[in-house]
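Thanks for asking me to look this one over. My notes are below, point by point, so you can follow along on the model.

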Amino acid sequence: MQLRPLHDRVLVKRVDVEEKTKSGIIIPDTAKEKPQEGEVIAVGPGIRHENGTVTPLDVKKGDRILFGKWSGTEIKIDGQDYLVMKETDIVGILV
């Protein structure tokens, strides 16, 4: 199954969190925070204005992004966890 976001929505997959600290301490699952970094999987066509024009989004598929801690809605597709969020929830693109 695939998902095509609508309007200014973006489908994001979180990046994996490090299991160890730099000094070698293993972090248990209960102490891990969800990462605020992800990869854009799919983007909507853009924002539709009242006059009918569409402004495309600044992010594109494959971009690595940073987003707010409480951004987006968590969904599960084919057993994989994703986030759906508006482009305005994205803090920046990692280059």
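1. Starting with the outside: the protein chain exposes about 7,100 Å², and carbon and sulfur atoms supply 52% of that area. Bear in mind throughout that this is a predicted model. Of the 95 residues in the protein chain, buried ones make up 25%.

2. On the overall build, the protein chain has zero helices and eight strands, so to speak a plain β-β-β-β-β-β-β-β run from the N terminus on. Among contacts with a separation of 6 or more, 61% are between residues 24 or more positions apart.

3. Have a look at the hairpin of β6 and β7. Strand β6 (residues 73-77) and strand β7 (residues 80-86) run antiparallel and are joined by five bridges. One pairing to click on is I75, whose bridge partner in β7 is Y82. Two residues sit between the strands, and D78 takes a positive phi near 50 degrees in this hairpin.

4. The β6 and β7 story also has a charged pair: K76 forms a salt bridge with D81, with the closest N and O atoms 3.8 Å apart. Is K76 buried or exposed? K76 is exposed, because its relative accessible area is 57% and the cut-off for exposed is over 50%. D81, at 49%, counts as partly exposed.

5. That salt bridge is one of five in the structure. Another is formed by the side chains of R64 and E37, at 2.4 Å, N to O. This pair links distant parts of the chain, with R64 in strand β5 and E37 in strand β2 (residues 37-43), 27 residues apart. R64 is partly exposed at 37% relative accessibility, and E37 is partly exposed too, with a relative accessible area of 22%.

6. The side chains of D63 and K60 also meet in a salt bridge, at 3.2 Å, N to O. Here the two partners fall in opposite classes: D63 is buried, with a relative accessible area of 10%, whereas K60 is exposed at 53%.

7. S71 deserves a moment. It lies in the loop between β5 (64-67) and β6, and S71 is buried, with a relative accessible area of 11%. The side chain of S71 reaches the backbone nitrogen of G68 at 3.2 Å. Not counting residues up to four places away in sequence, S71 touches L83, M85 and D89.

8. That brings us to D89, found in the loop between β7 and β8 (90-94). D89 is partly exposed, with a relative accessible area of 29%. Which residues does D89 contact, leaving aside its neighbours within four places in sequence? They are F67, G68, S71 and G72. As for K69, its C-alpha atom is separated from that of D89 by 9.7 Å, with the two residues 20 apart along the chain.

9. V59 sits in the loop between β4 (54-55) and β5. V59 is buried, with a relative accessible area of 6%. Leaving aside neighbours within four places in sequence, V59 is in contact with V10, V43, I65, E87, I90 and I93. The C-alpha atoms of V59 and A42, 17 residues apart along the chain, are separated by 9.5 Å.

10. Last, back to the surface: L66, V91 and L94 form a nonpolar patch there, with about 250 Å² of accessible area together. V91 belongs to strand β8 and counts as exposed at 64% relative accessibility.

Methods
Residues are numbered from 1 along each chain as its sequence is written. This is a predicted model: local features need pLDDT of at least 70, side-chain atom pairs count only at pLDDT 80 or more; totals for chains, interfaces and linings use all residues. Side-chain values use heavy atoms; hydrogens and water are left out. Two strands pair if DSSP finds at least two bridges between them. Helices (H or I, at least four residues) and strands (E, at least two) are DSSP runs, numbered from the N terminus. Buried means under 20% relative accessible area, exposed over 50%, partly exposed in between (1.4 Å probe, protein chains only). Contact means heavy atoms within 4.5 Å. Patches are made of residues with over 30% relative accessible area and no salt bridge: like charges are joined within 9 Å, nonpolar side chains (Val, Leu, Ile, Met, Phe, Trp, Tyr) within 5 Å. Accessible areas come from the Shrake-Rupley method with a 1.4 Å probe; for residues, only the protein chains shown count as cover. A salt bridge is a side-chain nitrogen of Lys or Arg within 4 Å of a carboxyl oxygen of Asp or Glu. A polar contact is a pair of N or O atoms within 3.5 Å; within protein, one must be able to donate a hydrogen and the other to accept it, and residues adjacent in sequence count only if both atoms are side-chain atoms.
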